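User: I am just starting out with protein structures. Could you take me on a close look at the aromatic rings here and the nonpolar core?

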Amino acid sequence: MAQSPTASAKRTLQTELKKILTEPVEGFLVDVPDGNYFEWDVTIFGPPGTLYASGYFKAKMTFPHDYPYSPPTLKFSSSTKLWHPNVYQSGEVCISILHPPVDDPQSGEPPSERWNPTLTVRTILLSVISLLNEPNTFSPANVDASVMFRKWRDSKGKDDEYEQVIKKCVADSILVAKKDKVKVPTTLSEYCVSSKPKQTETSSSDVGGDFYVDDYADDQDYYDDDDEDNAFEFEDDEEDSGNGES
């Protein structure tokens with residue numbers, strides 16, 4: 001008997017979660033509270049060497065019951081607000097790959113840049129992390145943030161209103177991280193995951209269980225304070241990132 005769309009989506013999400021937990025990528029962590037595979041808790045860390053460095057940003061990723069044929073939504077928590085040209089003030093992320101795969105000539109966004117079933121949660125989160133340092137200001141979700149960003153970029157940092165607002169967001173998020181007892185990676189060696197996290201025992205048919213940041217902190221070699229600090233560089237590029245319209 002063929003699986004229902006919901007059952008098929010759940011199986012896909014279980015597979016994706018297992019892959020993320022066994023093959024972690026720097027910059028984010030995920031958790032599925034209460035075993036609800038259609039709502040993931042996501043933590044995104046600000047990349048070292050960027051304005052968002054040391055930031056701790058919590059979000060909720062909600063999946064439709066026909067996933068992966070329709071895209072999920074990603075919304076940052078009000079407890080760790082993110083000021084960014086491509087994030088609505090409500091916290092919802094506006095990025096091309098989260099837009100439904102429809103042909104809408106008026107959007108100026110080719111279908112190839114929109115969601116397609118071959119994309120994954122990992123792809124989305126890595127795209128969002130990249131977006132932190134390379135906003136698309138062509139058609140922003142947050143116009144005020146976009147104007148501030150352009151002034152900051154074009155003045156090469158002399159107009160620092162954008163920078164100051166983000167620093168405030170980061171400082172506030174650090175307080176939340178301390179409350180949550182989370183150690184935020186601050187150097188590139190901490191940020192880049194080089195080993196697999198610990199996991200609770202699971203059956204072959206279900207990922208299950210909770211997964212927390214502390215699993216990383218306890219893991220061998222994840223936090224190596226002796227490694228030389230590195231940083232990502234911000235490219236002073238006058239052109240937009242090409243992530244598509246809001």
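Analyst: Happy to! The structure holds eight aromatic pairs. One of them joins F63 and Y67, whose rings meet edge-to-face, 5.0 Å centre to centre with 75° between the planes. F63 has a relative accessible area of 4%, so this residue is buried. Y67 counts as buried too, because its relative accessibility is 1%. Another pair, W152 with Y162, is tilted: the centres are 5.8 Å apart and the planes make an angle of 40°. W152 belongs to helix α3 and Y162 to helix α4, so this pair ties together parts that are ten residues apart in sequence. Here again the rings belong to buried residues, with 11% relative accessible area for W152 and 2% for Y162. Ring pairs also link W40, F63, Y67 and W115 into a cluster.

Now for the core. W40 turns up again here: in the largest nonpolar core, which has 54 residues, those touching the most other members are V30, W40, I44, M61, F76 and L125. Helices α1, α2, α3 and α4 and strands β1, β2, β3 and β4 each supply at least two residues of this core. Helix α2 gives the most, with seven residues. For a single example, take I44: beyond four places in sequence, its contacts include F28, Y56, F76, L125 and V128.

One thing to keep in mind is that this is a predicted model. The average pLDDT is 79, and 72% of the residues score at least 70. Over residues 194-246, however, pLDDT stays under 50.

Methods. Residues numbered from 1 in each chain as written. Predicted model: local features only at pLDDT ≥ 70, side-chain atom pairs only at ≥ 80, totals over all residues. Heavy atoms only, no water. Core = buried A, V, L, I, M, F, W, Y, C linked by side-chain atoms within 4.5 Å. Buried < 20%, exposed > 50% of the residue type's maximum accessible area, 1.4 Å probe, protein only. Helix = DSSP H or I, 4+ residues; strand = E, 2+ residues; numbered from the N terminus. Contact = heavy atoms within 4.5 Å. pLDDT = per-residue confidence, 0-100. Phe/Tyr/Trp six-rings, centres within 6.5 Å; stacked < 30°, edge-to-face > 60°.
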